[in-house]
Amino acid sequence: WHLSDEWYDSARVHVDHALRLRPRDAGLHDLKGDIVHGTEDDAGAMASYREALRLDPGHRGGHLGVAMVLREKEKWAEALQHYDAVLKQTPRDRWVARQKAEMLRNLERPGDGVKALQALVKADPTNDETHYQLADYL
């Protein structure tokens, strides 16, 4: 899914304006990271996500944004740290647990990936999606 360059330019103008009004808003920095990442400016996106984390070290979007950019650069261990930070806040987040498992697989630690998904099954044994994710991972 690709949006036009004009869309990104317009969105960036508006988020930059909002940031001038609220420079300490971690959510706005996260949003800017998403917009900048859409233009394939990884360095700019990373700077925005990291600013979100500087302002709010537990900011979910900031961690997921940093992890996304690191994952694209195949920096699995660094990305894993950010997925772990999100899972500390929301331990039942199946999508993030799956991302963590994939990072562990890429780091040649698939057994740890299985453990991460098994923890989800244990936390919510009635959730069919969680069982599916574990079976698919195996």
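A salt bridge is a side-chain nitrogen of Lys or Arg within 4 Å of a carboxyl oxygen of Asp or Glu. The exercises below concern a predicted model.

**Exercise 1. Determine how the side chains of D84 and K100 meet, and locate both residues in the helices.**

Solution. The N to O distance between the side chains of D84 and K100 is 2.9 Å. This lies within the 4 Å limit, so the contact is a salt bridge. D84 belongs to helix α5 and K100 to helix α6. With their positions 16 residues apart, the pair links distant parts of the chain. D84 has a relative accessible area of 25% and is therefore partly exposed. By the same rule, the structure as a whole has 12 salt bridges.

**Exercise 2. Describe the salt bridges of E102 and the network to which E102 belongs.**

Solution. Begin with R98, whose closest N atom lies 3.3 Å from the closest O atom of E102, in a salt bridge. Both residues are in helix α6, and their spacing of four residues corresponds to about one turn of the helix. Next, take R105: its side chain meets that of E102 in a salt bridge of 3.6 Å, N to O. R105 and E102 are three residues apart in helix α6, which means that about one helical turn separates them.

Accessibility is then assigned residue by residue. R98, at a relative accessible area of 15%, is under the 20% cut-off and therefore buried. E102 is likewise buried, at 16%. R105 is partly exposed, because its value is 33%. Finally, the salt bridges link R98, E102, R105 and D136 in a network.

**Exercise 3. State where the charged end of R105 sits with respect to the ring of Y137.**

Solution. The charged end of R105 is placed over the ring of Y137, and its distance from the ring centre is 4.0 Å. R105 thus has this contact with Y137 as well as the salt bridge with E102.

**Exercise 4. Classify the two aromatic pairs of the structure.**

Solution. A pair of aromatic rings is described by the distance of the centres and the angle of the planes. There are two such pairs here. For W7 and Y8, the ring centres are 5.2 Å apart and the planes stand at 90°; the angle is over 60 degrees, so the pair is edge-to-face. W7 is partly exposed, with a relative accessible area of 43%, whereas Y8 is buried, at 9%.

For Y83 and W95, the centres are 6.5 Å apart and the planes are at 75°, so this pair is edge-to-face too. Y83 is in helix α5 (residues 76-89) and W95 is in helix α6 (residues 94-106), so the pair ties together parts that are 12 residues apart in sequence. Y83 counts as buried because its relative accessibility is 2%; W95, at 48%, counts as partly exposed.

**Exercise 5. Which relative orientation and handedness describe the crossing of helices α4 and α6?**

Solution. Helix α4 comprises residues 60-72. The axes of α4 and α6 come within 13 Å of each other and cross at roughly 30°. This angle is under 35 degrees, so α4 is roughly parallel to α6. The crossing in which α4 passes α6 is left-handed.

Conventions:
Residues numbered from 1 in each chain as written. Predicted model: local features only at pLDDT ≥ 70, side-chain atom pairs only at ≥ 80, totals over all residues. Heavy atoms only, no water. Phe/Tyr/Trp six-rings, centres within 6.5 Å; stacked < 30°, edge-to-face > 60°. Buried < 20%, exposed > 50% of the residue type's maximum accessible area, 1.4 Å probe, protein only. Helix = DSSP H or I, 4+ residues; strand = E, 2+ residues; numbered from the N terminus. Lys NZ or Arg CZ within 6 Å of the ring centre and 35° of its normal. Axes fitted to C-alpha atoms, helices over the stretch in contact; angles between N-to-C directions. Parallel < 35°, antiparallel > 145°, perpendicular 65-115°, else oblique. Left-handed = near helix turned anticlockwise from the far one by under 90°.
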